[in-house]
Amino acid sequence: MAVVSEYTDTLLPIRWPDERRSSYDVVIVGGGGHGLSTAYHLATRQGITNVAVLEADYIASGNTGRNTTIIRANYGIPEAIRFYQHSLEMYQRLEDETGAAILHQTKGIVWLAHTEMAMRTERARCLMNTANGAQTFMRTPAELKELIPELDLTGGGRYPVLGGSHHVEGATARHDRVAWAYASGASQRGVDIFQHTPVTGLLRDGDRVVGVETADGPFAAGTVLSAVGGRVTEMTAHAGVRLPVRTHPLHAFVTNDYAQGFSPIVASTELMCYVSQTERGQMLIGAEFDAQPSYSRQSSFAALRSYSYKITRLLPFLRDLRILRTWAGICDISADFSPILGFTGVDGFLVTTGWGTWGFKAIPAGGEAMAELIATGRPPALIAPFALDRFRRDHVLADQGSAGTR
Amino acid sequence: MTDRSATVAAGDGGRLVVDGRPVAFRPGDSVAVAMLREGLVPGRGGTICLAGDCGNCLAQVDGVAYVRTCQTAARAGLSVVGHPSEGLPDLPVVRATAATSSPLAREIEVARREVDVAIVGGGSAGLEAAETAERSGRTVLVLDAGAGDEVVAIYAGPMLVVRTRAGMLHVHAHEIVVATGAAEIHPVAPGSGLRGLVTARAAERLQAAGVSLGAAVAVGTPPEGVAATPASGRPVRFEGKEGRVRAVVTVDAASGAETTTPADTVVLGLGCAPRDLLARMAGEVPLSVVGAAAEEAPLPPPPTEGVVCPCMGTTVADLEAAWDKGFQELELLKRSSQACLGTCQGGACLSHVRSWIAARTGEVPAPFTARPASRQITLAEAAADAYVDAFRRTPLHDEHLALGARMDRFGNWWRPWHYGDPIAEYWAVREGVSLGDVSTLGKLVVSGPDVVEALERLYPCHVADIKPGRSRYALLLNERGHVMDDGMILRESETRFVLSFTSGGAANAEMWVRDWIETWGLRVHVLDRTMSLGAINVTGPLAGELLRRAGLADQPRFLGHVHADIAEVPSHVMRLSFTGEAAFELHHPVDRSVELWRALMDLGADLGIRPHGLQALFGLRLEKGHVIVGMDTELDTTPRRIGLDWAVRMEKPAFIGRAALERTAKLDDHRRWMGFTMDGVAPTEGSPIWADGEIVGNVTGSWTSPLLGKALVLGWQRRTPVRDRVEIDGREAAVSPTPFYDPEGHRARA
């Protein structure tokens with residue numbers, strides 16, 4: 001009797017379309033987490049199933065399958081905290097809702113402070129988080145040592161730990177399984193997901209966008225949503241929309257698998273690096289995006305050396321772990337580090353972008369809100385502050401408290 | 001001698017320690033070969049290839065898990081511990097801090113080489129390429145894993161990261177040749193995880209090393225020079241007992257008849273697949289692939305049963321289950337079944353998975369892109385030779401330490417946070433005299449015929465009307481009209497100015513000023529004196545008296561500045577005030593800082609002089625309502641949002657940010673930074689500010705004023721209409737005009 005592993009056995013089936021319909025109510029460009037979640041929520045919450053998702057490569061092949069899978073809401077400004085807390089709570093219910101095993105684990109996140117200024121930032125974070133419904137509390141070095149026995153409180157003699165904030169509901173989930181859960185739920189309800197279908201242009205009727213052009217021919221659409229990750233500015237340029245977004249590479253790496261034994265997730269804003277143990281047992285280490293904008297997904301040794309150096313100052317036990325795999329993704333970073341969701345100023349053309357390095361944690365709430373916006377024509381309160389026109393209104397959402405470790 | 005392992009570790013040459021047991025080895029042995037000679041099979045079972053291609057011989061070696069024992073040279077005293085038979089290795093326990101406290105990971109040596117041609121692989125194709133390159137006069141480096149040079153990855157540059165027996169080697173090569181050869185195909189069949197299976201080449205190596213294979217049975221292409229009973233047909237099953245193989249079952253392709261052949265060792269000659277991980281990793285890096293690594297090889301027959309990926313335990317049934325659920329291409333199948341995601345990165349299983357897909361679709365999928373690492377390194381090996389983030393120290397660093405300062409990093413500088421008693425430091429400023437080390441301030445000297453024109457364009461305030469010997473507070477705006485920095489413009493002569501900037505903003509401001517002047521093509525010389533000048537702030541009602549004692553008879557009035565010798569140290573004396581009291585900033589050559597500081601401390605001893613740290617300074621400035629750019633401001637802070645519209649002269653025809661300010665002035669704008677007062681102790685900085693049950697803003701600065709006897713707060717309101725009364729920390733707070741202290745500024749001018 002052939003035994004199927006639990007990992008594979010718990011996958012939900014994805015339906016692929018046999019052919020293309022003559023037109024769709026909604027065409028979503030980008031089969032990553034946000035595109036698939038929007039399709040899923042259109043189908044499940046808004047009753048809109050005549051939807052196509054067009055993915056240039058395979059689903060979740062971009063940042064959805066390259067991020068470091070952290071789910072958190074410990075932002076610095078009320079608008080962001082409320083949005084991400086809602087998303088965090090949606091993640092907590094996602095397995096029940098979809099029936100998919102996304103390997104969600106609540107393990108808490110600790111952000112370490114090495115200077116008085118960093119302590120000031122973390123204290124502010126805790127106050128603003130708790131005032132907006134997120135559970136984040138200051139911890140003393142002794143409490144941190146109890147929480148993370150592996151922590152070197154001297155920071156390798158260089159980055160002393162003065163304290164830290166503990167975001168107790170911080171969690172992780174398996175990234176591609178989240179995308180697959182939404183792909184399964186959407187496709188089973190009638191959404192058509194086309195892989196290997198890059199969009200090459202937009203169809204226009206006067207000022208209005210009425211579909212997309214692909215190598216396989218045009219897709220007519222009532223509404224087009226760009227849910228592209230990386231190269232989003234190239235996508236919106238088809239509609240003449242300039243975004244205040246730059247695309248930067250971000251690197252991450254994992255070690256081999258070890259028995260579960262490291263919790264919570266540990267991050268340092270000053271060192272701009274963080275580590276968690278995956279459901280497989282790997283130690284997953286990420287850091288800040290490259291300062292130089294680029295579309296390259298090549299791994300960089302400078303990044304690997306720097307991340308390894310920094311994280312081993314704090315957690316010396318990592319020194320002797322062997323690195324299994326390194327990779328890079330490209331991140332759309334907006335001018336104020338906050339996402340851009342909603343109208344673009346071009347009729348029929350919407351955008352969800354600027355997710356920077358933190359789009360994964362926003363997948364449920366971002367998709368739910370975009371689906372509501374598409375269905376009703378009105379941005380839900382949760383995402384209204386993140387509209388593109390905030391830059392024109394000089395009313396940006398600079399979240400400097402969270403700008404360090406994303 | 002009861003503790004044998006201790007004896008061996010003490011230096012019994014020629015023995016490894018395997019799970020606490022001494023194991024002899026011969027020169028040239030790998031750990032795996034030495035173990036096999038003793039009848040110990042490394043790893044948890046499965047085919048042994050002795051070529052570094054799979055993950056079947058992993059063990060923990062000298063504390064590092066997931067080490068391929070076949071690629072590790074045996075060494076006396078080397079400690080080898082098997083991975084647990086079930087489950088995963090444990091995370092290592094924390095090492096003592098002392099072992100890691102060195103800021104540089106010096107214990108791992110990093111060597112560097114630049115060569116014309118780097119050749120990966122020392123087999124016949126590699127050596128041939130080396131010979132060709134050498135004949136044409138080029139320098140060549142051959143990196144052969146068998147000789148201990150394991151190529152971890154190829155990066156842009158191009159640069160090869162290599163682990164050698166001596167440490168790490170970074171090779172900068174002008175040309176890269178990948179000659180890594182081919183890897184032998186592992187069997188996929190029930191029982192393929194038993195011990196006692198070896199590839200044909202591994203059998204040859206073991207024979208050459210004098211390792212007995214017992215009763216060996218050869219399946220497929222037989223090994224050369226190894227006595228083995230041939231078993232014809234394809235292996236469909238391995239039978240065994242207690243984890244060790246006892247027989248191989250083969251099937252005849254034509255008749256379908258099964259034959260069971262008893263064996264101690266099954267030798268598998270199942271063909272090869274190109275060892276092309278590095279070639280697939282290079283991406284944008286140009287390289288050539290030669291020899292077997294470049295050759296298309298026939299794929300193995302599609303597997304029908306058993307474990308496909310030994311690292312992850314993925315079975316053929318897993319592939320089927322995932323495929324049936326829609327994961328119908330290599331990338332999706334890999335992620336959904338976890339095949340190819342283990343230590344060997346598909347080395348043992350990729351050709352099987354491709355073959356399996358080809359059987360379903362009729363098309364052979366291209367292999368996936370490989371990512372570093374090909375051969376694994378530890379984080380310590382990756383971090384070796386890392387650059388340390390350097391923090392700046394002022395020339396007075398040791399003085400602060402000697403005075404008992406608690407140092408903290410601020411704006412990338414080590415600075416005194418306090419000297420033990422911040423409240424006493426505060427009172428010294430308010431009632432006596434105090435010194436502050438402000439050497440960290442940015443200091444630019446700008447001069448030249450176009451300097452006034454340049455500064456008029458850079459700054460939103462007027463510059464031309466500043467008289468020599470006078471100064472003016474100025475904001476530095478970006479093109480969006482947002483506040484980047486602030487500081488002073490001090491005029492020295494018609495064509496020469498000194499500009500000061502905040503400690504954290506100095507580096508950026510210097511680039512900003514230079515870039516714009518160059519862009520405009522103006523004739524201005526910019527000299528950055530941030531590091532060459534120290535600066536001491538002498539402040540307090542007795543500051544004038546102290547400076548008289550130090551030799552400054554003619555004292556500049558408020559916002560004036562003079563050059564004078566202070567305690568015999570040539571100084572640029574600037575009469576400013578950030579603390580709210582009379583203040584003289586003494587800019588002087590850094591090599592005289594200690595002398596000047598000590599002289600002032602001595603001269604002021606009977607005045608009760610004491611230095612103040614940042615903590616007291618933040619309180620002092622807060623009483624004055626002075627903004628600290630970066631702490632109080634945000635990314636989009638316009639001057640009017642922080643009540644500094646007076647520092648912007650819109651009647652000027654052009655300055656950076658003017659067009660944006662003109663536009664945003666017309667927008668509905670309700671963000672304001674302002675002062676509040678409340679009873680009791682100061683709320684925590686960062687506290688939300690509430691009104692009518694809603695968060696309307698946040699606290700950016702707070703201080704329990706010893707002098708005013710109440711809590712002072714600076715913070716934002718972001719809702720209209722602006723409330724007069726708000727709630728902070730559960731208490732009522734009232735909007736208050738700033739400065740809270742000495743609003744007319746009599747004391748600063750005194």
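Two residues are in contact here if their C-beta atoms, placed from the backbone, lie within 7 Å. Keep that cut-off at hand for the exercises below, and remember that this is a predicted model.

**Exercise 1. A helix pair in chain A**

Task: Find how H2(A) and H6(A) pack, and work out which residues of H2(A) meet H6(A).

Solution:
- Step 1. Start with the geometry. Helix H2 of chain A spans residues 33-45 and helix H6 of chain A spans residues 175-188; their axes lie 8 Å apart, at an angle of about 35 degrees. The crossing of H2(A) past H6(A) is left-handed.
- Step 2. Apply the cut-off. From H2(A) come A:Gly33, A:Leu36, A:Ser37, A:Ala39, A:Tyr40, A:Ala43 and A:Thr44, and they meet A:Val178, A:Ala179, A:Tyr182, A:Ala183, A:Gly185 and A:Ala186 of H6(A).
- Step 3. Sort the residues of this contact by class: nine are nonpolar, four are polar and none is charged.

**Exercise 2. Two domains in one chain**

Task: Describe how domain 1 and domain 2 of chain A are laid out along the chain, and what their contact is made of.

Solution:
- Step 1. Read the bounds. Domain 1 of chain A is assembled from 21-66, 176-244 and 336-402, while domain 2 takes 107-168 and 246-334.
- Step 2. Place the centres: over C-alpha atoms, those of domain 1 and domain 2 of chain A are 29 Å apart.
- Step 3. Look at the contact, to which domain 1 of chain A gives 19 residues and domain 2 of chain A gives 14 residues. On the domain 1 side, six are nonpolar, ten polar and three charged.

**Exercise 3. Where chain A meets chain B**

Task: Which element gives the largest share of the side of chain A that touches chain B?

Solution:
- Step 1. Take the totals: 68 residues of chain A contact 69 residues of chain B.
- Step 2. List the elements of chain A that supply two or more residues to this side: helix H1 (6-9), helix H4 (116-131), strand E13 (245-257), helix H8 (301-314) and strand E17 (323-334).
- Step 3. Pick out the main contributor. H4(A) gives the largest share, with eight residues.
- Step 4. Check the chemistry of the chain A side, which has 32 nonpolar, 18 polar and 18 charged residues.

**Exercise 4. A hairpin in chain A**

Task: Trace the pairing of E10(A) with E11(A), and find which residue of their hairpin takes a positive phi.

Solution:
- Step 1. Strand E10 (residues 199-205) and strand E11 (residues 208-214) of chain A run antiparallel and are joined by six bridges.
- Step 2. For the register, use A:Gly201, whose bridge partner in E11(A) is A:Glu213.
- Step 3. Now turn the corner: two residues lie between the strands, and A:Gly206 has a positive phi near 65 degrees.

**Exercise 5. A mixed sheet in chain B**

Task: Order the strands of the sheet that holds E23, E25 and E24 of chain B, and explain why two of them stand at the edges.

Solution:
- Step 1. The open sheet has three strands in the order E23-E25-E24, with mixed pairing.
- Step 2. Strand E23 (392-393) and strand E24 (406-410) of chain B each have a single partner strand, so one side of each lacks a neighbour in the sheet.
- Step 3. Follow one pairing: E24(B) and strand E25 (residues 413-418) of chain B are antiparallel over five bridges, and B:Arg409 stands opposite B:Trp414 in E25(B).
- Step 4. Add the helix. H16 (residues 614-624) of chain B lies across E24 and E25 of chain B, at about 75 degrees to E25(B).

Key
Residues numbered from 1 in each chain as written. Chains lettered and ligands numbered in written order. Predicted model: local features only at pLDDT ≥ 70, side-chain atom pairs only at ≥ 80, totals over all residues. Helix = DSSP H or I, 4+ residues; strand = E, 2+ residues; numbered from the N terminus. Nonpolar A, V, L, I, M, F, W, Y, C, P; charged D, E, K, R; others polar. Pairing = 2+ DSSP bridges. Axes fitted to C-alpha atoms, helices over the stretch in contact; angles between N-to-C directions. Left-handed = near helix turned anticlockwise from the far one by under 90°. Domains from an automatic or database assignment.
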